[in-house]
Amino acid sequence: MDRPGPLMLLDTASLYFRAFYGVPDTVRAADGTQVNAVRGLLDIITKLVTTYRPSAVVACWDDDWRPKWRVDLIPTYKAHRVVAENADGPDTEETPAELTAQIPLIREMLANLDIPIVGHADFEADDIIGTLATHAEGPVDVVTGDRDLFQLIDDERGVRVIYTARGMSNLEVLTDESIVSKYGIHAAQYADFATMRGDASDGLPGVAGVGEKTAATLLQTHDTLSGIITAAESGTGMSAGVQKKLLAAAVYLEVAPAVVRVARDVDVSVPEVPLAEPTNADAARKHADRWGYASALDRYLAAIPEA
């Protein structure tokens with residue numbers, strides 16, 4: 001039996017950054033405004049709709065790309081990407097000005113296409129995705145280039161990751177079997193694995209001297225990070241060297257899991273908007289004509305299912 005049309009959750013910033021760097025900056029509106037991220041994102045969505053036939057698409061949004069509660073736990077969290085700290089709102093992320101100028105146009109385009117934008121003031125898009133994926137009643141496809149979302153994969157519930165890191169021409173559909181093959185652990189163990197390994201791109205130091213292979217071996221033996229810490233404290237089930245490294249990282253390991261773990265209980269819900277032609281086709285067409293992505297709109301409209 002064919003898999004029913006999934007709910008497709010977009011890690012939107014991941015995709016529009018990919019579009020911005022992947023589509024030439026010569027793509028411009030009639031007035032010369034650079035719109036490569038706008039057109040590129042719509043082409044990405046069109047490819048995803050054509051390939052995976054979702055029942056609905058939701059654009060999950062970074063209303064706060066660096067939540068204070070995560071920074072309070074690990075101050076280095078994404079610190080290298082901050083260009084300005086803001087007391088009254090999210091810190092300003094290092095983003096090319098040419099892309100920043102296109103973000104309002106992207107939001108307008110998505111709204112015109114009846115693709116819901118869902119975010120929350122105190123959470124990242126990852127947390128929105130985690131919540132919506134956890135509470136969805138049917139299958140879910142998470143579209144991202146971020147490995148952190150591997151922790152959401154759940155074969156029993158039909159939650160997959162469409163991984164974009166190798167480019168839109170080399171998309172990977174990841175299941176629990178894929179994670180076992182890549183890392184030697186199950187998807188449910190991925191957050192603990194990532195906590196130990198660390199991630200320089202997010203400012204997470206990890207456990208010094210514990211890489212992917214050691215982290216995987218520890219999880220194979222002890223199942224969870226909690227089990228690993230208990231074993232380290234009792235001096236069993238690992239070498240003295242690994243035990244020493246884990247104990248030295250005790251302060252980090254106490255707070256890091258809450259930072260790495262994707263939230264699954266954010267106060268948001270999925271708007272009931274099935275994938276279909278936009279209800280205000282004139283507004284969608286006018287916006288596309290004004291901002292130079294009319295051909296991309298045509299491709300999108302040809303890809304979505306008829307009512």
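**Figure 1. Aspartate 223 lies in the loop between α9 and α10 (225-234).** The model shown here and in the other views is predicted. The phi angle of aspartate 223 is near 75 degrees. That is a positive value, and the residue is not glycine. Aspartate 223 counts as partly exposed because its relative accessibility is 48%, and the partly exposed class runs between 20% and 50%.

**Figure 2. Arginine 53 sits in the loop between α2 and β2 (56-60).** Here too a residue other than glycine has a positive phi, near 50 degrees for arginine 53. The relative accessible area of arginine 53 is 41%, so this residue is partly exposed.

**Figure 3. The view takes in the whole protein chain, with its 14 helices and eight strands.** The radius of gyration is 21 Å, close to the 19 Å from the globule rule for 307 residues, so the chain is as compact as a globular protein of that length. Along the principal axes, the C-alpha trace spans about 70 × 50 × 35 Å. Of the 307 residues, 50% are buried. Take the contacts between residues at least 6 apart in sequence: 68% of them join residues at least 24 apart. The accessible surface is about 14300 Å². Carbon and sulfur atoms account for 51% of that surface.

**Figure 4. Helix α1 (residues 12-22) packs against helix α2 (residues 36-52).** Two packed helices are described by the angle between their axes and the distance between those axes. For α1 and α2 the angle is about 115 degrees, and the axes are 8 Å apart. The crossing of the two helices is right-handed. From α1, the contact uses Thr12, Leu15, Tyr16, Arg18, Ala19 and Phe20. From α2, the partners are Asn36, Ala37, Gly40, Leu41, Ile44 and Leu48. By class, the residues of this contact are eight nonpolar, three polar and one charged.

**Figure 5. Threonine 12, in helix α1, is the centre of this close-up.** Threonine 12 counts as buried because its relative accessibility is 1%, and buried means under 20%. Beyond neighbours within four places in sequence, threonine 12 is in contact with Leu41, Ala59, Cys60, Trp61 and Leu110. One of these partners, Ala59, is 47 residues away along the chain. The C-alpha atoms of threonine 12 and alanine 59 are separated by 5.7 Å.

**Figure 6. Aspartate 202 occupies the loop between α8 (190-197) and α9 (212-222).** The relative accessibility of aspartate 202 is 6%, so this residue counts as buried. Neighbours within four places in sequence are left aside in the contact list. The remaining partners of aspartate 202 are Thr76, Tyr77, Lys78, His80, Arg81 and Asp148.

**Figure 7. Proline 75 is in the loop between α3 (68-73) and β3 (82-84).** Proline 75 is exposed because its relative accessible area is 56%, and exposed means over 50%. In sequence, proline 75 and leucine 204 are 129 residues apart. In space, their C-alpha atoms are 9.4 Å apart.

**Figure 8. Tyrosine 252 belongs to helix α12 (residues 250-260).** Tyrosine 252 has a relative accessible area of 12%, so it is buried. Setting aside neighbours within four places in sequence, its contacts are Ile74, Thr195, Gly198, Leu204, Pro205, Gly206, Val207 and Pro257. Alanine 111 gives a second reference point for tyrosine 252. These two residues are 141 apart in sequence and 41 Å apart in space, C-alpha to C-alpha.

**Figure 9. Isoleucine 179 is part of helix α7 (residues 176-183).** With a relative accessible area of 0%, isoleucine 179 is buried. Its contacts, again without neighbours within four places in sequence, are Phe150, Ile153, Gly184, Ile185, His186 and Ala187. Leucine 41 lies 138 residues from isoleucine 179 in sequence. From C-alpha to C-alpha, isoleucine 179 and leucine 41 are 27 Å apart.

Methods: Residues are numbered from 1 along each chain as its sequence is written. This is a predicted model: local features need pLDDT of at least 70, side-chain atom pairs count only at pLDDT 80 or more; totals for chains, interfaces and linings use all residues. Side-chain values use heavy atoms; hydrogens and water are left out. Axes are lines fitted to C-alpha atoms, for helices over the stretch in contact, and angles run from 0 to 180 degrees between N-to-C directions. Helices (H or I, at least four residues) and strands (E, at least two) are DSSP runs, numbered from the N terminus. A crossing is left-handed if the near helix is turned anticlockwise from the far one by less than a right angle, and right-handed if clockwise. Contact means heavy atoms within 4.5 Å. Ala, Val, Leu, Ile, Met, Phe, Trp, Tyr, Cys and Pro count as nonpolar, Asp, Glu, Lys and Arg as charged, and the others, Gly among them, as polar. The radius of gyration is taken over C-alpha atoms; the globule rule is 2.2 Å times the number of residues to the power 0.38. Buried means under 20% relative accessible area, exposed over 50%, partly exposed in between (1.4 Å probe, protein chains only). Accessible areas come from the Shrake-Rupley method with a 1.4 Å probe; for residues, only the protein chains shown count as cover.
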